[in-house]
Structures are given as C-alpha cells and as structure tokens.
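Okay, thanks for coming, everyone. I'd like to walk you through a model, so please have the viewer open and click along as I talk.

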Amino acid sequence: MTDAIERNTRTIEGSVVTDFSDRMSYGGYLELDTLLAAQHPLSVPEHHDELLFIIQHQTTELWLKLVLHELAAASRLLREDHLAPALKCIARVKHIQKTLTEQWSVLATLTPTEYVQFRGVLGNASGFQSAQYRAVEFRLGNKNAGMLRVFDADAPAHELVREALEAPSLYDEFLRLLARTGYPIPAAILDRDVTAAWQFQAQLVPVLAAIYDDPRTHWAAYETCEELVDLEDNFQLWRFRHLKTVERIIGLRSGTGGSSGVPFLERALELTFFPELYAVRTELREPGATPEPQQEG
C-alpha cells in the first residue's frame, strides 16, 4: 500500500523554487490577495449562489478590459497602416468573445428560485451600467452620447466612455486605411462626425462589392472585411445568449437597472456595427454573370 501511494506522488524536483521570502511569487505577480478578496456577497444570511453571480460578472469585466486593450491596439495599428498585426489583435478579440459567450452557460445554472433569494440586494446595479461594455460598443461604432449621463457619478468610468465616444471606431479606421491605399471611399464617410452612431452608407456598398468580386486581387481588404463580420457575428451570439440567460432566470421581469428586461435586450439584436458588409452579399455577381444593363431615365 505504501509503495502504491509513493508511486502516485510526484517528487518535487530539486531545481523548483520554494522559498519566496525575497522573490516574486505567482500570487504576488497577479495580486491574488486583492483579486480573491474582491467578492463581497451582500445577502444575509449569505446565499450560496451569490458568489457565482459576482464572479460571473467580475470575470466578464476582466475580459472586457482585454477586449478594449486589443481594440485600441488594432485601431492604432490600422491608423499606422500596419494591417497584419491589427488582424492579430482582432483574432484575439474573437477568441475572447467565444469565451464570454460560453460563460453564460455557467450563469444559466442559477435557477429563478435561487436568484430571487438575493436579487433584492443588487438594488439598481445592472450590467447596463458597465462602462467597459459601453466602451466596447462605442469602439465598434454603436455610439450614443446620451449614455454618458449614466456614468456622471463615476469620473473614471465617464472618461473611459467619453474617450471611446470621441475616438474613430475600428470601422472608421479600416475605411480610412482603404482610402489611403487607393480605394474610392466617399469623402463624406471619411469626414463624418465620429461621435455619431454609424448609419448605413449605400455609397460604400459598390466599393466593397468590387473587393468581394475579386478577392484574389484585394485579398488584404477582403480578409479584413471577413474578420469584421466575424466580430459582429460573435457579438450578436453573445447578445442572444445574454438575452436567453436573462429570460431563463427572471422571465419577463423588469431589469434591476430599470429597463424592461428581455424586451430591451431583444431590441439590441437589431443593432449592427458593419451593415454594408452584410448588404454587399446581396450585390455580388455569380462567376461569368453579365452585369445588368443600366436603365436610362
């Protein structure tokens, strides 16, 4: 029996560092004392499932911090005409999005009966008030200056959202790059007010159609367009999973932040970041097809 136990025990190699009295440790580098002490359930007596609710949202905020970090870098790289490393940043965001979407399945283990036991302690706290989420939406083009007042009582959050509002979106930077490399992007689009929400631009569709009709010639632009479509697709999946998780847990109750709840989240599914990249799919010619004659008059 003793021999079996010993065979099932891994010997610590002599070179492994075990004295951290004057060395940087794993916990020290990650500031785990601070991180793991940041969960403070408010229910009395403490409800078992409130910790899940807190950690779910805290980890989401950590991932959103990284998404903002990558989107800011991608925008800067596009502005500097460094497309390849910008696409690397976008690829990382796409993987984070998949993690965030899958994470809803953990929260979905929270039943309505369990949640209602501690929902009252949330007061008016709501994910609607996430400054980082709002900044991500703004960085992708869904801007709404009216949202700034939600963060009036939190100066750092207000500044984060304001900067995202006033900065060109990722799409703006991509279109400007296309213009610098010779694509006929209309001047009105290049000079638009970047604090306004992106609206569908019909005159942009023919430019994109030329790219999609000949991807071999326009490969870099074509690939970037598809990466942006991936971003939007992933974002919509996240929104839908969010909606269904909320519906599963609270039904048609109103949100803690005062929204209508599920109906409010349903309307978010109608928002789009890159509408022209979807519209162009309707305009593509089949191989060998003759362009339709233009009608006069």
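I'll go through the core, one helix, the salt bridges, the cysteines and then a bit of the surface.

One thing up front: this is a predicted model, so please keep that in mind throughout.

Let's start inside. The largest nonpolar core has 70 residues. If you want to colour the ones with the most contacts inside that core, pick Leu140, Leu170, Tyr171, Leu175, Leu204, Leu228 and Leu277. And which helix gives the largest share of this core? That's helix H12, residues 219-250, with 11 residues.

Click on Leu204 for a moment. Skipping neighbours within four places in sequence, Leu204 touches Tyr171, Leu175, Ile185, Ile189, Trp198 and Glu276.

Tyr171 and Leu175 take us over to helix H9, and both of them are buried there. H9 covers residues 170-180, and eight of its 11 residues are buried, so the helix is largely enclosed by the rest of the structure. The buried set is Leu170, Tyr171, Asp172, Glu173, Phe174, Leu175, Leu177 and Leu178. Notice that Asp172 and Glu173 are in that list along with the leucines. After H9 comes Gly182, which has a positive phi, near 105°.

Now back to H12, because I have a couple of stops there. Ala221 is in this helix, and with a relative accessible area of 6% Ala221 is buried. What does Ala221 contact, once you leave aside neighbours within four places in sequence? You get Phe174, Leu178, Tyr183 and Ile211. Phe174 and Leu178 are two of the buried H9 residues we just had. As for Ile211, it sits 10 residues from Ala221 along the chain, and the two C-alpha atoms are 7.0 Å apart.

Elsewhere in H12 there's His242. Is His242 buried or partly exposed? It comes out at 19% relative accessibility, and that counts as buried, because the cut-off for buried is under 20%. Again without the neighbours within four places, His242 is in contact with Trp104 and Leu265.

Okay, charges. The structure holds 14 salt bridges, and I'll show you three of them.

First up are Lys94 and Glu227, whose side chains meet at 2.9 Å, N to O. Lys94 is in helix H5, residues 83-107, and Glu227 is in H12, so this pair ties together parts that are 133 residues apart in sequence. Both Lys94 and Glu227 are buried.

Next, Glu137 and Arg134, with a salt bridge at 3.3 Å, N to O. Here the story is local: these two are three residues apart in helix H7, residues 131-140, so about one helical turn separates them. Glu137 and Arg134 are both buried as well.

Then there's Asp213 with Arg285, at 3.6 Å, N to O. Asp213 lies in helix H11, residues 205-213, while Arg285 is in the segment after helix H14 (275-283), so the bridge links parts 72 residues apart in sequence. Asp213 is partly exposed, with a relative accessible area of 30%, and Arg285 counts as partly exposed too, at 48%. While we're on charges, salt bridges with shared partners also join Lys94, Glu227 and Asp230 into one network.

On to the cysteines. How many disulfides does a search of the whole structure find? Zero. Take Cys89: the closest cysteine sulfur belongs to Cys225, and at 18 Å that is too far for a bond. Seen from the other side, Cys225 is in no disulfide, and its nearest cysteine sulfur is that of Cys89. Cys89 is buried, at 10% relative accessibility, and Cys225 is buried at 0%.

Last stop, the outside. Met24, Tyr26, Tyr29 and Leu30 make a nonpolar surface patch of about 540 Å². Leu30 belongs to helix H2, residues 26-30, and at 37% relative accessibility Leu30 counts as partly exposed.

That's my tour. Happy to go back to any of these spots on the screen.

Key. Residues numbered from 1 in each chain as written. Predicted model: local features only at pLDDT ≥ 70, side-chain atom pairs only at ≥ 80, totals over all residues. Heavy atoms only, no water. Patch = residues over 30% accessible without salt bridge, like charges linked within 9 Å, V, L, I, M, F, W, Y side chains within 5 Å. Areas by Shrake-Rupley, 256 points an atom, 1.4 Å probe, with all protein chains shown as cover. Salt bridge = Lys/Arg side-chain N within 4 Å of Asp/Glu carboxyl O. Helix = DSSP H or I, 4+ residues; strand = E, 2+ residues; numbered from the N terminus. Buried < 20%, exposed > 50% of the residue type's maximum accessible area, 1.4 Å probe, protein only. Core = buried A, V, L, I, M, F, W, Y, C linked by side-chain atoms within 4.5 Å. Contact = heavy atoms within 4.5 Å. Disulfide = S-S within 2.5 Å.
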